[in-house]
Amino acid sequence: MDLSSLFSLNNKVALITGATRGIGLSIAEFFAAAGAKVVICSREQKKLDEIAKKLYNKGYDVTGIACNVGHPDQLKSLVDQTVNAYGQIDILVNNAGTNPYFGPVQDASLEIFDKVMDVNVKAPFELSKLCLPHLRTSSQASIINISSIGALSPEPQLGIYSVSKSALHSLTKVCAKEWGQQKIRVNAICPGVIKTDFSKALWSNDQIMEVIMKRLALKRLGKTEEIAALALFLASPAASYITGSIFTVDGGFTS
C-alpha cells in the first residue's frame, strides 16, 4: 500500500491567509512540501516576497499576494489574482486572525469588537464565499479554519477573541452542512498555546504560564509544525470523509 498518495497535494492550489509567520507559515511550507502550489497572503508585499523567495529556494512553488483580510474588496482581488496565477483554488486556509485587546469584556469598545469580528469571522465568511465557485470544480476541495481553544473554553482577558472564534465554529459547521453535497469539506483547528508572536502576551507572562503549565497534560507549549501537520491531513485525501469537525491541538489543556 502506497500511503504517500494519501497525504499528497500534488497539482492542488492552496490559498493561506496570514502566512508570513507562525502557524500560517508552517502550514504553507507543509503544503508546498506535499506538492501544492501555494499562495500566501498578509498585508506586507515585501515580507511576502521574502518568504516566497526562501520557499522557492527550497524547491517549492509559492506566490505572495498582499491583502488586508479586513477589507472585502481586497479579498476579491486576492482570489482573482490567485486564479490568474494558478487557474484554480482547491484548498483555503483561513488562518489570519487578530486580537488587539487583552482585558475585561466590559472595558472593550465597540470599535475593538468590530475589528475582531471583521478579521476573525467576516473575512473567513467572505473569502470562503469568493472561493466557492472555484472549490466546486475541485476534486479535493477543503476549507480549514484556524480557530482557538478559547472558543471552547473562554479565558479571562480574552473574551471578545473567544466570542469571535466561537462564531467561526458555527460558520465551519454551517458551511460543511450546506456545501457537503458539492464535495467541499470544511473543518476547523483549535490550537492551544502555541509559541508564536501572536500568543506572546501569554507565554511571556510568568504568572500566566504558571497557571497554563498546571493544566497542560504534556507540560510544554505547542509548536507551529504540530498544527501544520493536522492541517495537511485535513487538506489531503486521507481526510476525505471528514467535514464539519472541530479539532483540538492543545497538549491536553482542555481535557
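These are legends for several close-up views of a predicted model.

**View 1. Lys58 and Glu29 pair up across the chain.** Side chains of opposite charge can pair when their charged atoms come close. Here Lys58 makes a salt bridge with Glu29, and the closest N and O atoms sit 2.6 Å apart. The two partners come from distant parts of the chain, 29 residues apart. Look for Glu29 in helix H1 (residues 22-33), and for Lys58 in the loop between helix H2 (45-56) and strand S3 (62-66). Lys58 counts as exposed, because its relative accessibility of 51% is over the 50% cut-off. Glu29, at 24%, counts as partly exposed. By the rule used here, the count comes to six salt bridges, and two others get their own views below.

**View 2. Glu155 meets Arg215.** This is another salt bridge, with 3.1 Å from N to O. Glu155 lies in the loop between strand S5 (141-146) and helix H5 (159-179), while Arg215 belongs to helix H7 (residues 206-215), so the pair ties together parts that are 60 residues apart in sequence. How exposed is Glu155? Glu155 is partly exposed, with a relative accessible area of 28%. Arg215 is partly exposed too, at 35%.

**View 3. Glu226 and Arg220 make a salt bridge.** Their side chains meet with a distance of 2.6 Å, N to O. Glu226 has a relative accessible area of 33%, so this residue is partly exposed. Arg220 comes in at 34% and is also partly exposed.

**View 4. Inside the largest nonpolar core.** In soluble globular proteins, nonpolar side chains tend to be buried together. The largest nonpolar core in this model has 33 residues, and Ile27, Phe31, Val38 and Ile144 touch the most other members. Several elements give two or more residues to this core: strands S1 (13-17), S2 (37-42), S4 (91-94) and S5, along with helices H1, H2 and H8 (224-235). Which helix gives the largest share of this core? That is H8, with seven residues.

**View 5. Ile144 and the residues around it.** Leaving aside neighbours within four places in sequence, Ile144 is in contact with Phe31, Leu92, Val93 and Asn94. The same list of contacts also includes Asn187, Ile189, Ala231, Leu234 and Ala235. Apart from the core in the previous view lies another core, of 30 residues, with Val69, Ile89, Leu92 and Leu127 among them.

**View 6. A look into the second largest pocket.** Rolling a probe the size of a water molecule over the atoms shows where empty space is left. The second largest pocket has a volume of about 220 Å³. Its lining is made of 13 residues, and the closest to its centre are Lys183, Ile184, Arg185, Ser240 and Tyr241. What kinds of residues form the lining of this second largest pocket? The mix is five nonpolar, six polar and two charged.

**View 7. Phe198 in its loop.** Find Phe198 in the loop between strand S6 (184-191) and helix H6 (200-203). Phe198 has a relative accessible area of 43%, so this residue is partly exposed. Setting aside neighbours within four places in sequence, Phe198 is in contact with Gly97, Thr98, Asn99 and Tyr161. How far apart are the C-alpha atoms of Phe198 and Phe233? They are separated by 24 Å, and the two residues are 35 residues apart along the chain.

Conventions. Residues numbered from 1 in each chain as written. Predicted model: local features only at pLDDT ≥ 70, side-chain atom pairs only at ≥ 80, totals over all residues. Heavy atoms only, no water. Salt bridge = Lys/Arg side-chain N within 4 Å of Asp/Glu carboxyl O. Helix = DSSP H or I, 4+ residues; strand = E, 2+ residues; numbered from the N terminus. Buried < 20%, exposed > 50% of the residue type's maximum accessible area, 1.4 Å probe, protein only. Core = buried A, V, L, I, M, F, W, Y, C linked by side-chain atoms within 4.5 Å. Contact = heavy atoms within 4.5 Å. 1 Å grid on protein atoms, 1.4 Å probe; cavity = no way out; pocket = protein on both sides within 12 Å on 5 of 7 lines; lining within 4 Å. Points joined across faces, edges and corners; volume = space filled by probe spheres on them. Nonpolar A, V, L, I, M, F, W, Y, C, P; charged D, E, K, R; others polar.
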